[in-house]
Amino acid sequence: MLLTTMKKKQIFGSTFKEQLKASARDTMLQFVLAEGEVRGALIYGTKLLNEMRTNHELGIMETIILGHGYLGGLLLSSSLKGSERLLLEVDGDGPVGGMAVEANSFGEVRGYIETKDPSLAGNTVNLDVSSYLGEGTLSVTRYLEKAKHPFYSKVELKQRSLALNLAYFSLQSEQTPSSYSLSVYFNKRAQVVGAGGLLVQAMPGAGEKLLFELETLVNGLPSIGKEFAEGLSVEGFMLAYFSKYNPRFLHKKRVVFMCHCNRERFKTFLYALPGKELNDIIKRGPFPLRLTCYNCNTRYEFSRMDFKRMCDTIQ
Ligand SMILES: [Zn+2]
């Protein structure tokens, strides 16, 4: 098969796929609370996390960890505009070696996880989520429209979950008090039936007491994924838990697992290899040559004929 762009794998089981289709309402709702003292975003991401899991062929723990990364990356992207994008990277010495997630202002997210502990890939929950990152760093690179260079900032991993580390990051590197809640909820058959993420962030001049109250509220929320699985909408969730703070909904946009990789880009990568390496590949193969996109796990194949033709155009 000659793939020219990202391929989304079929989600397992036709019944489950139908259910997901019916609940395909992945979205990001942006809002303000307390007459604009606080801004925020709430993501409904059940379908996109299922697609992420299926494409990357992830076990339960990996789905939770990378799922938190996707939701966190999207929440960070809620302040981007135009063609802006960002890269969230976690580099730790825990069972998860690293994770890289890209999100952009169009609500698109992609990325991958590197696991050091093979048991993470299994379909069992055998690890305390609080120990999965270990010690290391969390960094965010923002590619902003008006800036000449990417804006990079990094903090040490200090907390036991990605949500708390993101809050620490926002405070340390941006001096913006923020609270995050990230949630991936499974049914008894180990299927992701609800996934959601919430960001609540202070605007300049927000009152200390209000921020403390909201932080306590966000950290004590029940599983957002479970609430979504039980039928709550994003607006319904905000009204159920934040009505005291008079939520005002600004706008909603779609969020989606999307990678813009394509065959041509991989060809460009091959073109850039030194001539000696290209000749080696022609001689030894193996063919078909398989190149896999890290971000979406789509595999592009090049036959010997494709490859030789390509090399002939270079030499
Ligand atoms: Zn890709």
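**Exercise 1. In which strand is Ser139 found, and which residues does Ser139 touch, not counting residues up to four places away in sequence?**

This is a predicted model, in which local features need pLDDT of at least 70 and side-chain atom pairs count only at pLDDT 80 or more, while totals for chains, interfaces and linings use all residues. Residues are numbered from 1 along each chain as its sequence is written, and side-chain values use heavy atoms, with hydrogens and water left out.

Step 1. Ser139 is found in strand E6, residues 136-143; strands (E, at least two residues) and helices (H or I, at least four residues) are DSSP runs, numbered from the N terminus.

Step 2. With a relative accessible area of 4%, Ser139 is buried; buried means under 20% relative accessible area, exposed means over 50%, and partly exposed lies in between, using a 1.4 Å probe and protein chains only.

Step 3. Taking contact as heavy atoms within 4.5 Å, Ser139 touches Leu87, Leu88, Glu89, Tyr152, Ser153 and Lys154, not counting residues up to four places away in sequence.

**Exercise 2. Determine the strand order of the sheet that contains E6, and place helix H4 against it.**

Step 1. The open sheet has six strands in the order E7-E6-E3-E4-E5-E11, with mixed pairing, where two strands pair if DSSP finds at least two bridges between them. Its edge strands, each pairing on one side only, are E7 (151-156) and E11.

Step 2. E6 and E7 run antiparallel and are joined by six bridges; Thr137 stands opposite Glu156 in E7.

Step 3. H4 lies across strand E3 (85-92), strand E4 (96-104), E6 and E7, and runs at about 120 degrees to E7. Axes here are lines fitted to C-alpha atoms, for helices over the stretch in contact, and angles run from 0 to 180 degrees between N-to-C directions.

Step 4. The expected span of a helix is 1.5 Å times one less than its number of residues; for the 13 residues of H4 (162-174) this should be 18 Å, and the end C-alpha atoms are 17 Å apart, which agrees.

Step 5. The buried residues in H4 include Leu162, Leu166, Phe169 and Ser170. An α-helix has 3.6 residues a turn, so residues three or four places apart point the same way. H4 is followed by Gln175, whose phi is positive, near 50 degrees.

**Exercise 3. Describe the five-stranded sheet and the helices that contact it.**

Step 1. The five strands form an open sheet in the order E8-E9-E2-E1-E10, and the pairing is antiparallel. Strand E8 (178-186) and strand E10 (248-254) are the edge strands, each pairing on one side only, and from one strand to the next the twist averages 15 degrees.

Step 2. E8 pairs with strand E9 (residues 192-202) over nine bridges in the antiparallel sense, and within E9 the bridge partner of Tyr180 is Leu199.

Step 3. Helix H3 (residues 60-76) lies across strand E1 (27-33), strand E2 (38-44), E8 and E9, at about 145 degrees to E8. Helix H5 (residues 208-219) packs on the sheet and touches E1, E2, E8 and E9, its direction making about 10 degrees with that of E8.

**Exercise 4. Which protein donors does the zinc ion have, and why is their arrangement tetrahedral?**

Step 1. Donors are N, O and S atoms within 2.8 Å of the metal (3.2 Å for Na, K and Ca); water is not among the atoms, so sites may look incomplete. The protein donors of the zinc ion are the SG atoms of Cys259, Cys261, Cys293 and Cys296, lying 2.2 to 2.3 Å from it.

Step 2. The four donor atoms subtend angles of 102 to 115 degrees, which makes the arrangement tetrahedral, since four donors count as tetrahedral if all angles lie between 85 and 135 degrees.

Step 3. Along the chain, the donors follow the spacing C-x1-C-x31-C-x2-C. Cys259, in the loop between strand E11 (256-257) and helix H8 (263-271), and Cys293, in the loop between strand E12 (289-292) and strand E13 (299-302), are 34 residues apart and link distant parts of the chain. Both Cys259 and Cys293 are buried.

**Exercise 5. Locate the cis peptide bonds at Pro286 and Pro288.**

Step 1. One cis peptide bond joins Gly285 and Pro286, with omega about -5 degrees, and another joins Phe287 and Pro288, with omega about -5 degrees.

Step 2. Pro286 has its place in the loop between helix H9 (275-284) and E12, and Pro288 in the loop between H9 and E12.

Conventions. Four donors count as tetrahedral if all angles lie between 85 and 135 degrees; four count as square planar and six as octahedral if opposite donors are over 155 degrees apart and all others between 65 and 115; anything else is irregular.
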